[in-house]
Amino acid sequence: MNAKQIAAERAVDYVKDGMIVGLGTGSTAYFAIQKIGSLVKQGMKIKAIASSQASDDLARQLGIPLLEPGNEQQIDVSIDGADEVDTNGNLIKGGGGALLREKILATNSKKFFVVVDESKLVTKLGKFKLPVEIIKFGSVLTLAKLEALGGKPVVRQKDGKDFNTDNGNLIADCSFYPIEDPKALHEQLKQLTGVVETGIFPTEVVTAVIAAYASGETKQFDY
Ligand SMILES: O=C(CO)[C@H](O)[C@H](O)COP(=O)(O)O
């Protein structure tokens with residue numbers, strides 16, 4: 001079992017019968033969704049909300065009952081990966097472009113577990129370019145504002161075209177390393193009209209980070 005799978009499955013221990021679960025996105029969340037699928041097959045009554053079309057598709061294949069979009073309810077537990085986790089439990093997310101829906105789930109969950117392998121643990125955030133979701137309308141102007149703040153934004157590409165989020169927006173990948181005060185940077189960026197959301201998840205929204213190491217050891221950091 002690889003480290004991502006170990007961390008993800010450990011977090012699924014927090015999922016109990018009757019819960020509503022938020023499903024993250026990415027290669028680590030994938031293992032959590034698989035495990036939740038096996039719990040459903042064993043007869044556990046779980047309902048889920050997915051943070052992306054990809055995770056929605058996977059959950060459907062596995063027979064996990066999904067709440068209808070627009071009919072979401074308070075979530076008991078969300079489980080998701082991260083691109084970076086600093087020593088205080090602040091995160092950068094959005095490497096898969098799902099940061100907005102991921103943050104909606106994380107901030108509406110009683111508990112939010114972050115599952116990572118050790119490669120994601122950093123002292124300061126920002127070596128991983130910070131994803132910032134921006135709307136297409138006026139994007140040149142919004143990008144200029146991000147540039148003026150020193151973010152060196154680059155519009156994410158996929159298959160030779162601008163990457164589109166599930167919400168029909170663009171992602172500007174920004175360089176702010178080292179991010180000394182993640183919450184302050186997030187708040188500054190959110191004030192720019194045209195910015196929908198940033199990939200900074202402040203430690204306040206995190207219940208615990210479960211990190212797995214190549215040795216097979218896991219550590220849980222509670223916040
Ligand atoms: O934020 C995310 C997607 O928007 C992912 O959780 C993040 O990119 C980590 O992905 P992975 O588990 O594949 O390394």
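In helix H1, the residues Ala-3, Lys-4, Ala-7, Ala-8, Glu-9, Ala-11 and Val-12 are buried, a statement that, like every other one here, rests on a predicted model. Helix H1 spans residues 3-12, and because seven of its ten residues are buried, the helix is largely enclosed by the rest of the structure. What, then, covers the buried residues of H1? The cover includes one helix, H2 (29-41), together with the strands E3 (75-80), E6 (109-117), E14 (208-212) and E15 (218-222).

From helix H1 the reader can move on to the nonpolar core. The largest such core has 55 residues, and those with the most contacts inside it are Ala-32, Val-114 and Val-115. Residues are given to this core both by domain 1 (3-121 + 202-222) and by domain 2 (130-198), which means that the core lies between the two domains. Ala-32 can serve as an example: when its neighbours within four places in sequence are left aside, Ala-32 is in contact with Ala-8, Ala-11 and Val-12, and also with Gly-24, Ile-79 and Val-115. Ala-8, Ala-11 and Val-12 are among the buried residues of H1, and Val-115 is again one of the core residues with the most contacts.

The next feature to trace is an open sheet of four strands, in which the order is E8-E11-E7-E12 and the pairing is antiparallel. At its edges lie strand E8 (154-155) and strand E12 (195-198), each of which pairs on one side only. Strand E7, made of residues 130-134, is joined to E12 by three bridges in the antiparallel sense, and within this part of the sheet Ile-134 has Val-195 of E12 as its bridge partner. Helix H4 (residues 99-107) packs on the sheet, where it touches E7 and E12, and its direction makes about 65° with that of E12. Helix H5 (residues 139-148), for its part, lies across E7, E12 and strand E11 (170-174), and runs at about 15° to E11.

There is also an open sheet of three strands, which follow the order E4-E5-E13 with antiparallel pairing. Here the edge strands are E4 (84-85) and E13 (200-201), each pairing on one side only. Between E4 and strand E5 (residues 91-92) the pairing is antiparallel and runs over two bridges, and the bridge partner that Glu-84 finds in E5 is Ile-92.

Key:
Residues are numbered from 1 along each chain as its sequence is written. This is a predicted model: local features need pLDDT of at least 70, side-chain atom pairs count only at pLDDT 80 or more; totals for chains, interfaces and linings use all residues. Two strands pair if DSSP finds at least two bridges between them. Two residues are in contact if their C-beta atoms, placed from the backbone, lie within 7 Å. Axes are lines fitted to C-alpha atoms, for helices over the stretch in contact, and angles run from 0 to 180 degrees between N-to-C directions. A residue is buried if 20 or more other C-beta atoms lie within 10 Å of its own, exposed if 12 or fewer, and partly exposed in between; C-beta atoms are placed from the backbone. A nonpolar core is a set of buried Ala, Val, Leu, Ile, Met, Phe, Trp, Tyr and Cys residues joined through C-beta atoms within 7 Å. Domain bounds come from an automatic or database domain assignment.
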